[in-house]
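Please load the model in a viewer and keep the sequence panel open beside it. The tour below proceeds by selections, from the whole chain to single residues.

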Amino acid sequence: MSATPPDLKARATSRAAGIPGVKHVIAVASGKGGVGKSTTSCNLALGFATLGLKTGILDADIYGPSQQKLFGLRGKPRQLGPRMLEPMERFGVKVMSIGFLVEEDNALIWRGPMVISAITQMLREVAWDDLDILVVDLPPGTGDAQLTMAQQAPLAGAIIVSTPQDIALIDARRGIAMFQKVSIPILGLIENMSSFCCPTCNHVTPIFGHGGARTEAESRGIPYLGEIPLDIQIRQTSDDGRPIVAVEPDGVHAKHYIGMAREIWTTIVTGAAHRPPPRIVIE
């Protein structure tokens, strides 16, 4: 028995219609929550903007949006017509999130169809205005949001974020498998919170282990994009709505994110990302 229903798989693997005003769409995903995927998405988007690309980010985490906080944005998007919204913008990146449209303390108690409708609207009823790349920050897991993106957007590929320990890598494998089942290429694996360097004595401690994501990427033939340390500067700037790539673009952490963004962009424009061949399953 296949884990993905045949009709759903057929729709997901068919070529999705383009997003008006967007040249390339990439998804940033994780199988598990709490691995720093949204912070990584934010700083990757800023990395693309630093490279001179017209960049946007869509927060597709309907239940737990965070990009409005990470970018330090408040207020509601301006309505440009009966069914079109203007995205917010800061640090040269256009931003759309359900967090702009609901009160911060309100809980969205929505079923799957409402989540799918909201993501579709934020994709197609936003004036993205000639973007080179749109980064989609997906919620953790392999559910409605992920399948909606596979069906509704012509994804150039997906990036998987994981911490090094086995418990996170188990879920990262599920995320990889989900994208492979719907024929979305994996652009790379990032190891977040890779190690902690004590600011007092400079001793490096692998709090969550080290190198697990690299080993996983190598064993699966997936590009390894690098590692981001567990660092208080990244946490503080994120909480303040001033992401590290925006406020310290020449710093060591920003250079990591910008280097990853450059590698991802090169893969996209050269067509180096390859979709996995179809598997023949006899049931």
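**Whole chain.** Begin with the complete protein in cartoon representation, bearing in mind that this is a predicted model. The secondary structure comprises 10 helices and 12 strands. Aligned on its principal axes, the C-alpha trace of the protein spans about 55 × 50 × 40 Å. The radius of gyration is 18 Å, which agrees with the value near 19 Å for a compact globule of 283 residues.

Next, switch to a surface representation. The protein exposes about 13600 Å², and carbon and sulfur atoms supply 53% of that area. Of the 283 residues, 48% count as buried. A contact map offers a further view: among contacts between residues at least 6 apart in sequence, 77% join residues at least 24 apart.

**The sheet.** Return to the cartoon and select the strands of the open, 8-stranded sheet. Reading across, the order is β5-β6-β2-β7-β1-β8-β9-β12, and the pairing is mixed. The edges are formed by β5 (88-90) and β12 (224-227), each of which pairs on one side only. From one strand to the next, the twist averages 25 degrees.

Zoom in on the β5 edge. In which sense do β5 and β6 pair? The two strands are antiparallel, with 3 bridges between β5 and residues 93-97 of β6. To inspect one bridge, select Arg90 together with its partner in β6, Val93.

**Helices across the sheet.** Select helix α4, residues 112-124, and show the strands beneath it. Helix α4 lies across β2 (55-59), β6 and β7 (131-137). Relative to β2, helix α4 runs at about 165 degrees.

Then select helix α10, residues 252-270. Which strands does helix α10 lie across? They are β1 (22-29), β7, β8 (155-162), β9 (186-191) and β12. The angle between helix α10 and β12 is about 175 degrees. Strand β7 thus appears in both selections, being crossed by helix α4 and by helix α10.

**The annotated loop.** Now select residues 31 to 38. The unreviewed UniProt entry lists Gly31, Lys32, Gly33, Gly34, Val35, Gly36, Lys37 and Ser38 under "binding site". Gly31 is located in the loop between β1 and α2 (37-50). Show its surroundings: neighbours within four places in sequence aside, Gly31 is in contact with Pro140, Gly141, Asp171 and Ala172.

Move along to Gly33, which is also placed in the loop between β1 and α2. Is Gly33 buried, partly exposed or exposed? Gly33 counts as partly exposed because its relative accessibility is 45%, between the limits of 20% and 50%.

**Two residues with positive phi.** For the last stops, display backbone torsions. Select Ser183, in the loop between α6 (166-181) and β9. Although Ser183 is not a glycine, its phi is positive, at about 60 degrees. The relative accessible area of Ser183 is 23%, so this residue is partly exposed.

Finally, select Met193, in the loop between β9 and β10 (196-197). Met193 is likewise a residue other than glycine with a positive phi, near 50 degrees. Why does Met193 count as buried? Its relative accessible area is 18%, and buried means under 20%.

Definitions and conventions. Residues are numbered from 1 along each chain as its sequence is written. This is a predicted model: local features need pLDDT of at least 70, side-chain atom pairs count only at pLDDT 80 or more; totals for chains, interfaces and linings use all residues. Side-chain values use heavy atoms; hydrogens and water are left out. Two strands pair if DSSP finds at least two bridges between them. Helices (H or I, at least four residues) and strands (E, at least two) are DSSP runs, numbered from the N terminus. Axes are lines fitted to C-alpha atoms, for helices over the stretch in contact, and angles run from 0 to 180 degrees between N-to-C directions. Contact means heavy atoms within 4.5 Å. UniProt positions are given in the numbering used here, feature names are shortened, and annotations may be inferred rather than shown by experiment. Buried means under 20% relative accessible area, exposed over 50%, partly exposed in between (1.4 Å probe, protein chains only). The radius of gyration is taken over C-alpha atoms; the globule rule is 2.2 Å times the number of residues to the power 0.38. Accessible areas come from the Shrake-Rupley method with a 1.4 Å probe; for residues, only the protein chains shown count as cover.
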